[in-house]
Amino acid sequence: MTWDPHAVPAQDGRTAVITGGNAGIGYHVAEQLARAGAHVVLAGRSAERTRTALAALRASVPGASAAEVRLDLADLHSVRHAAEQLAAAGPVDLLVNNAGVTSSGARAETAQGFELMFGTNHLGHFALTLLLAPALGPDSRVVSLGSLTHARARLDFDDLQSRDGYRSMAVYGRSKLAVLLFAAELDRRLRASGSTVRSVAAHPGWAVQGLTPARPPLWEPGAFAALRSAPLALLAQGKDRGAWPVVRAATDPGAVGGQYFGPRGPGSLKGPPAVQVTAGSARDRVAAARLWAVSEELTGVSWAG
């Protein structure tokens, strides 16, 4: 089908929870879903930044239905508390697992002692999704945010916490490979249980803040930032367009569980969203099942599907 990001299918009556919805791609996912009529819940660690994002959202989408919930994916206690709040508020129709740590410099850890990027990007979302599973309606979707970096990554089950030879970019890629393995395994488990909930994934290509339109008071690019980012427009796009594959994964009526969406331009760096194929490492069923079992053990959260 021809997907028009400016004519997203109506989402009236649907509740969308977006982790990291208070900044970057997550904010623009929230904005685009709100413009389509969804009630959006911005789940973020910083209450101040989330309030700023809500102000920008309501200015950009007058009459938008929006709320907030505090969520720190690097702390499983916060994940449990947020899941309880979200479940108590009613059904969740769209769960967009967008938030993530992209770089940590030196190795750092979550509140429970997991390596920060693996613990936040994968384990935090793993726990949140399983805890919210009972609150997902029959036509719900779980959208996991991947990255092009997953294609060069390999999981080392003997060193999932990256204690040996830590390199930030490599660890980020491994965390995103884990995210995509989880998304695929979740889809398989949903189908096996007879559920109609869909697990899909997406990646934003190369999305640059400096090419992103202003959203005051959240984001107001200065002239220098615009000039510095202008040459990148040949290969990259703004965060608003980086949100398009995520929004398509969340709302395309024809989307099938297990699909993966990304920009269809050269190198999948920019352009309108299209169905793509993950790297073979992300389609390894044995690794996915093993990662799921390890993730249950580490988080203390089990699948009840």
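**A tour of the two largest pockets**

Begin by selecting H5, strand S6 (198–202) and strand S10 (273–276), each of which supplies at least two residues to the lining of the second largest pocket. The model on display is a predicted one. Of these elements, keep H5 highlighted: with 6 residues, H5 makes the largest contribution to the lining of the second largest pocket.

Next, select Ala184, Gly258, Gln259, Thr278 and Arg283. Among the 19 residues lining the second largest pocket, these are the closest to its centre. The volume of the second largest pocket is about 310 Å³. Colouring its lining by residue class gives 8 nonpolar, 6 polar and 5 charged residues.

Now turn to the largest pocket, which holds about 1,200 Å³ of space. Select Asn98, Ala99, Gly100, Val101 and Thr102, the closest to the centre of the largest pocket out of the 46 residues that line it. Then add helix H1 (24–35), strand S2 (39–44), helix H4 (116–132) and helix H5 (168–192), the elements that give two or more residues to this lining. H5 thus belongs to the selection for the largest pocket and also to that for the second largest pocket.

Which element gives the most to the lining of the largest pocket? Select H1, which gives 5 residues, the most to that lining. Colouring the lining of the largest pocket by class shows 20 nonpolar, 19 polar and 7 charged residues.

Finally, clear the selections and display the whole protein. Its secondary structure consists of 9 helices and 10 strands. The C-alpha trace spans about 45 × 40 × 40 Å along the principal axes. How does the radius of gyration of the protein, 18 Å, relate to that of a compact globule? For 305 residues, a compact globule would have a radius of gyration near 19 Å, so the 18 Å of the protein agrees with that expectation.

Colour the residues by burial next: 56% of the 305 residues count as buried, the cut-off being under 20% relative accessible area. With the surface displayed, about 12,800 Å² is exposed, and carbon and sulfur atoms supply 54% of that area.

As a last view, draw the contacts between residues at least 6 apart in sequence. Of these contacts, 75% join residues at least 24 apart.

How values were computed:
Residues are numbered from 1 along each chain as its sequence is written. This is a predicted model: local features need pLDDT of at least 70, side-chain atom pairs count only at pLDDT 80 or more; totals for chains, interfaces and linings use all residues. Side-chain values use heavy atoms; hydrogens and water are left out. On a 1 Å grid over the protein atoms alone, a cavity is a set of points where a 1.4 Å probe fits but cannot get out, and a pocket is an open set with protein on both sides within 12 Å along at least five of seven lines; lining residues have an atom within 4 Å of a point. Grid points are joined across faces, edges and corners, and a volume is the space filled by probe spheres set on the points. Helices (H or I, at least four residues) and strands (E, at least two) are DSSP runs, numbered from the N terminus. Ala, Val, Leu, Ile, Met, Phe, Trp, Tyr, Cys and Pro count as nonpolar, Asp, Glu, Lys and Arg as charged, and the others, Gly among them, as polar. The radius of gyration is taken over C-alpha atoms; the globule rule is 2.2 Å times the number of residues to the power 0.38. Buried means under 20% relative accessible area, exposed over 50%, partly exposed in between (1.4 Å probe, protein chains only). Contact means heavy atoms within 4.5 Å. Accessible areas come from the Shrake-Rupley method with a 1.4 Å probe; for residues, only the protein chains shown count as cover.
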